[in-house]
Every structure is written in structure tokens, then in C-alpha cells.
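Colleague: Could you take one strand of this model and walk me through its surroundings with care, and then set that part within the chain and the assembly around it?

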Amino acid sequence: MAGLPELSANGSKAERTMYFPRPDGSRIGYRIYSSPEIYQLEQERIFRGPTWSFVALEAEISQPHDFKSSFVGDTPVVVTRNDDNSLSAWVNRCAHRGAMVCRSARGNARSHVCAYHQWSYDTRGNLRGIPFKHGVKGMPGMPPDFDQKNHGLQPLRLDSYRGLIFASFSDQAPPLYDYIGPQMRPGIDRIFHKPISYLGCTRQYIKANWKLYNENVRDPYHASLLHAFFSTFNIYRAGMRFRIVMSDDGMHDWLAAFHADHEDGNAAYRDKVASFKEGLRLEHTALLDNVNEYDEFINTHIQPIFPQLVVTQIQNSLAVRQLLPKGPGNFELIFYFFGYADDTPEMRAHRMMQANLVGPAGLISMEDGLATELVQRATADGSDAAAIADMGRGVSDEQQIPSGISEGHIRAFWRGYQELMRL
Amino acid sequence: MSAAAITEADRHGAETALTEIKLWFDLHRLQERYISTIDSDRLEEWPDFFSEDGVYEIVPKENADQGLPVGIFHCFGRAMMRDRITALRNANLYEAHIYRHMTSGLEFKQVDASTVEMQSNYVVIQTLTDGESRVYQAGRYFDRVVRTPQGWRYQSKRAIYDTSRVQTLLVTPI
């Protein structure tokens with residue numbers, strides 16, 4: 001973009017000030033959501049940098065030779081299950097001329113063959129076959145110094161935790177167990193405390209920058225205001241108790257809203273919030289029933305693991321969301337729904353009913369995509385203006401988190417982002 | 001064949017054809033009224049197209065092909081359909097939009113005297129406030145229709161969509 005300075009390796013002070021007028025994450029320059037230079041730098045420093053990106057549930061590729069196509073940032077990758085049940089991930093780009101090798105979203109295959117010149121690979125990405133390698137009719141083929149062993153598909157580091165598969169391009173990323181870390185593991189252990197059963201995915205395409213969604217899932221302040229379904233039908237109350245913990249670097253977050261049987265919050269709520277509509281009731285109230293399946297009775301569990309994953313439990317609806325950037329102004333959001341392998345038919349039916357709560361037509365979440373689009377539309381003009389994230393600034397987490405009226409973890413996210421991006 | 005030679009078999013054949021034409025006409029009219037009700041924003045009438053325990057679902061083809069149940073919209077009974085419309089009118093936030101449904105390829109198979117299975121293609125063009133009209137969703141309806149004292153009603157209607165990414169959000173039934 002003309003007029004913008006080239007980004008230097010470590011971010012000049014002028015660049016820092018343009019994107020982050022204050023270093024504490026409480027002011028976010030709008031260009032961070034639309035700049036093509038920033039987007040390119042994110043691919044290098046975040047998606048190919050020292051992070052782990054969620055790519056699949058193990059339950060999606062449960063059989064030997066199952067595979068699934070996905071992305072780490074902009075890079076197409078394939079995740080496979082090998083014949084010994086181990087998992088592999090490789091860049092979906094032929095070692096020969098760069099054509100996309102695997103052209104199916106998912107399936108089962110012992111080998112993957114590039115359509116262009118029929119170079120073939122095994123499930124680990126090793127190069128197994130080159131047509132006319134030794135030439136034809138005495139004419140030469142590949143030169144003697146071409147060593148097939150050195151030309152497999154580009155592998156990614158792969159690891160899984162509790163059935164969630166992650167991939168990384170970086171040798172600098174800590175082991176996955178440590179990357180998820182001691183603050184986040186209990187949340188994932190909670191949801192994945194027993195084997196799951198995959199129920200399908202739904203996809204939403206949103207015309208906004210991917211970081212706006214990362215803010216959205218770290219923002220309890222908006223929940224009762226944007227999502228009027230809660231207040232309209234009595235799911236959620238200001239005054240409900242929250243617990244929100246984050247990783248040391250501020251990049252991962254775990255919000256838990258605890259179940260409350262009482263409706264004490266109503267009176268205070270009604271006076272302050274325009275979206276509160278008294279008297280409206282659901283006819284089919286079972287939609288909101290939460291059957292407690294865990295040690296702690298939590299109604300809403302939202303847990304972003306930076307950069308591509310959000311683990312969620314909304315009542316008895318269980319899903320992980322995969323966030324895929326598609327250029328500075330778009331992202332795809334994929335919801336992978338699951339139940340537990342030992343669900344009774346009644347429980348499975350209950351989860352199917354509560355699948356209505358989240359996803360592209362989710363009764364309590366459909367507005368998130370729209371909200372991020374509204375920001376993108378109004379800020380992509382390249383202006384110098386900045387967003388404000390001041391709610392609860394200057395006070396401790398203990399004082400602000402229980403009410404949920406806080407932007408503290410948005411600020412923490414942006415501080416961690418600045419460090420990763422060296423801005 | 002001379003005019004005098006109309007046989008019992010001919011008469012029976014003609015009656016069967018007439019019954020089938022009448023059925024085709026009834027089903028086609030049901031579908032036309034269904035899409036017209038949605039496209040005219042008379043959504044409060046939408047649940048009335050279903051039997052009391054009727055099932056309505058919108059499911060991506062990607063899942064249906066794998067035998068996976070999850071979709072984006074699942075109503076089990078008319079009460080859930082009315083709740084959806086109550087939420088759409090009072091709770092949910094979305095951009096004003098207009099749908100125009102186009103259908104084609106209607107096929108049906110009679111299961112018994114009062115039950116029919118029916119399929120057809122659909123395309124929904126959505127116009128947002130910017131005035132642009134875009135293909136919002138393409139797919140195929142898989143319907144089970146039952147004869148009731150009030151006329152034909154959907155016992156189940158599944159919209160299996162090809163357009164795997166939902167643009168922004170979906171709030172209005174298909």
C-alpha cells in the first residue's frame with residue numbers, strides 16, 4: 001500500500017505507534033485489521049512462527065489412511081493417520097512443481113498422487129514414485145544425483161493433546177503440552193475427559209479480519225449486550241459469575257460462566273440494557289436445559305487457544321471452532337460438533353437440539369460474525385484512528401473478571417501479539 | 001384404435017394419470033406457497049406448513065454425504081419453529097435482507113395413500129441493504145409430506161445445501 005513504511009525486521013518506533021498508540025494494548029490502530037503488510041508478516045511470524053495451529057480432531061480421522069485437508073494460516077496442509085495409527089501432517093504442495101497433491105476435503109487413501117506428473121507419496125509424505133524416473137527406452141530420466149529420499153512433501157511438526165491435533169512449522173515452538181500450558185490444560189481436560197464422537201461441521205465465511213474474532217472470544221463485555229437471545233429468553237444475566245484465566249503470554253484464554261438457578265439479576269438488568277425484553281418466553285424451553293456433565297456446573301465455556309482454535313461448551317452443545325484467515329479482510333470459521341462416545345440416544349438428541357445455539361445460524365452466536373464485519377467495514381479506509389479497550393483498565397483481574405465487564409484479556413492479547421509480531 | 005374401443009384398462013389408466021396429475025399439482029402448490037410465504041416475510045405462517053411434530057433441518061451436504069447429523073438449523077416440532085421466528089423478530093441481530101427462492105427438478109414418490117416423499121432443487125438469491133443480489137444458498141429439499149384434514153403438510157423437510165460456507169450468518173429459514 002503506497003505511503004506505508006516498509007516494516008523493518010524489529011518494527012520501528014513509528015510503526016509501533018501507528019498500530020499500537022499505547023503499549024498496554026488499550027488502543028488498537030485500525031490498520032492492524034486491514035494492512036496487507038501486516039497480514040504477510042502474520043503468516044511468517046505467527047502461522048509459520050513459534051505457534052501450534054489446530055488442524056483436526058483425532059475423531060475426524062479415526063481409521064488408518066484417513067486424511068483431512070486443512071490450513072495452517074494460508075498454507076494448505078493435509079493431516080493423515082498412518083498404518084500404525086500415528087499421525088502425520090505435510091504441506092499440500094507437490095515437491096516437483098508445486099501443484100496441490102490432495103484435492104479432496106477428506107477421505108481414506110494409502111497414497112497421494114499428484115495429478116500433474118503422477119508423483120506419488122505415502123501417508124507420511126515420503127516420495128514413493130516418479131514416473132519415468134529411469135527414463136524410457138534407454139533414454140535418460142532423473143539425474144543420478146537426484147535423491148528421492150530428500151524430496152518428500154514438506155512435513156510439519158505434529159502433536160495432539162486429548163484428541164485435538166495441532167501442527168507447527170516452527171522448531172522454536174515449545175512442545176504442545178507446554179504451549180497449551182498449565183492454565184489452559186484443565187479446560188481442555190474438562191471438555192475432553194472421555195472419548196468423543198464427531199457429529200459434523202458447519203462453516204461460516206465472514207468478511208472481517210481474523211483478529212477481530214480473536215478479540216470477540218476474549219470479550220465478555222459484549223456477551224449480554226450484542227447477544228440479545230440471552231436476555232430475551234433468560235439464559236444469561238449481568239450478575240452471573242465468571243471465571244476467566246489466561247496463559248502467561250496472554251494469548252490463550254478460558255472463560256467460564258457458572259450456572260445460576262436464580263434470576264436475581266433481572267431487575268438490575270432490565271433498567272440498564274435496552275435489549276432486555278420482558279415477557280418473551282421460549283415455548284420449547286428444553287432448548288436451554290443444561291444437564292451437568294462435569295465437576296463444575298458451567299453453562300458457557302469459551303477457550304481460545306491462539307491462533308486457530310476455540311474450544312466451546314454452550315449448555316450441552318460441544319464444539320471446537322477453527323479460525324482460518326483468508327486475506328486481511330476475510331476469515332472462515334468452522335464449527336466441529338461432537339458428543340461423547342457413550343451418549344445415550346436421549347443425550348444425543350438433546351445435543352442435536354442445542355446445536356441450534358451455536359454455528360452460522362446459532363441462536364446465541366450468529367451476531368459475532370456480523371459484529372466483526374461492522375468493524376471491518378468502518379475501519380478498512382486506512383485511517384489513523386484507533387479502537388479503545390479501556391473497560392476495567394487499571395484494576396486487578398480479581399476486581400473486574402467476576403462481573404464479566406472487562407476488556408482486560410483483549411489488552412493482554414494485543415500485548416502478546418505485539419511481542420510475537422515484534423511490533 | 002377406434003373411438004368405440006375404450007376399455008376398462010384405458011379408463012383405469014386415465015384415472016391413474018389424473019390422480020397423479022392432481023397429486024403433482026397439490027405438491028407443487030404446497031411448495032409454491034411455502035417459498036412464497038418465506039420470500040414475502042410472512043414468517044409467522046411458516047410453522048403452519050408442518051405437522052405438529054414436524055422436523056425441519058438445514059444441513060450441509062458435506063455432513064449429509066458422510067451420514068453425520070449436524071446442520072445449522074434443527075427444529076423438532078412446531079414449537080421450536082415458532083421460537084426461531086420469535087428470536088428472529090425480537091432477539092437476533094442481522095442485516096435486513098430479502099430471499100428469492102427458485103425451485104426446479106421436483107420429483108416425488110407415493111409411500112402410501114396419505115404420505116409422499118418429495119425432492120427438488122432450490123437456489124436462494126439474497127439481496128442485502130447494499131442492493132446487490134447474490135446466490136446465498138443452493139441445495140436440494142428432501143421432504144416427507146403427509147395428508148392432514150387441513151391439507152398436505154411437511155412431516156419433515158431437510159434442506160441439504162451445497163454452498164458449504166454460509167455467508168456471514170443465516171437467520172431466515174430456507
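Modeller: I will take strand β16 of chain A, residues 309-314, in what is a predicted model. In this strand 6 of the 6 residues are buried, so β16(A) is largely enclosed by the rest of the structure. The cut-off behind that word is 20 or more other C-beta atoms within 10 Å of the residue's own. In a regular strand the side chains alternate between the two faces of the sheet. Both faces of β16(A) are covered, with L309(A), V311(A) and Q313(A) buried on one side, and V310(A), T312(A) and I314(A) buried on the other.

The strands that pair with β16(A) come next. Strand β15 of chain A, residues 298-305, pairs with β16(A) in the antiparallel sense over 6 bridges, and within that pairing I305(A) has L309(A) as its bridge partner. The connection from β15(A) to β16(A) is a hairpin of 3 residues. Strand β17 of chain A, residues 317-325, is likewise joined to β16(A) by 6 bridges and runs antiparallel to it, and here the bridge partner of I314(A) is S317(A). The hairpin of β16(A) and β17(A) has 2 residues between the strands, and in it Q315(A) takes a positive phi near 55 degrees.

Stepping back to the whole chain, chain A has 11 helices and 19 strands. Its radius of gyration is 23 Å, close to the 22 Å that the globule rule gives for 423 residues, so chain A is as compact as a globular protein of that length. Taken along the principal axes, the C-alpha atoms of chain A fill a box of roughly 90 × 60 × 35 Å. Of the 423 residues in this chain, 46% count as buried. Among the contacts in chain A with a separation of 6 or more, 65% are between residues 24 or more positions apart.

The domain assignment divides chain A into domain 1, residues 53-160, and domain 2, residues 182-421. The centres of these two domains, taken over C-alpha atoms, are separated by 36 Å, and 7 residues of domain 1 of chain A are in contact with 13 residues of domain 2 of chain A. On the domain 1 side, the largest share of that contact, 3 residues, comes from strand β2 of chain A, residues 53-57. By class, this side of domain 1 has 4 nonpolar, 2 polar and 1 charged residues.

The contact between the chains takes 34 residues from chain A and 31 residues from chain B. On the chain A side, β12 (196-206), α6 (228-233), β18 (331-340), α8 (345-354) and α9 (366-379) each supply at least two residues, and β12(A) gives the most, with 8 residues. By class, the side of chain A that touches chain B has 20 nonpolar, 8 polar and 6 charged residues. Strand pairing also crosses between the chains, for β12(A) and strand β7 of chain B, residues 165-167, pair in the parallel sense over 3 bridges. Within these strands, R203(A) stands opposite R165(B) in β7(B).

As for the confidence scores, chain B averages a pLDDT of 95, with 98% of the residues scoring at least 70, and the model scores ipTM 0.93 and pTM 0.93.

Notes
Residues are numbered from 1 along each chain as its sequence is written. Chains are lettered from A and ligands numbered from 1 in the order in which they are written. This is a predicted model: local features need pLDDT of at least 70, side-chain atom pairs count only at pLDDT 80 or more; totals for chains, interfaces and linings use all residues. Domain bounds come from an automatic or database domain assignment. Two residues are in contact if their C-beta atoms, placed from the backbone, lie within 7 Å. Helices (H or I, at least four residues) and strands (E, at least two) are DSSP runs, numbered from the N terminus. Ala, Val, Leu, Ile, Met, Phe, Trp, Tyr, Cys and Pro count as nonpolar, Asp, Glu, Lys and Arg as charged, and the others, Gly among them, as polar. Two strands pair if DSSP finds at least two bridges between them. The radius of gyration is taken over C-alpha atoms; the globule rule is 2.2 Å times the number of residues to the power 0.38. A residue is buried if 20 or more other C-beta atoms lie within 10 Å of its own, exposed if 12 or fewer, and partly exposed in between; C-beta atoms are placed from the backbone. pLDDT is the predictor's confidence in each residue, from 0 to 100.
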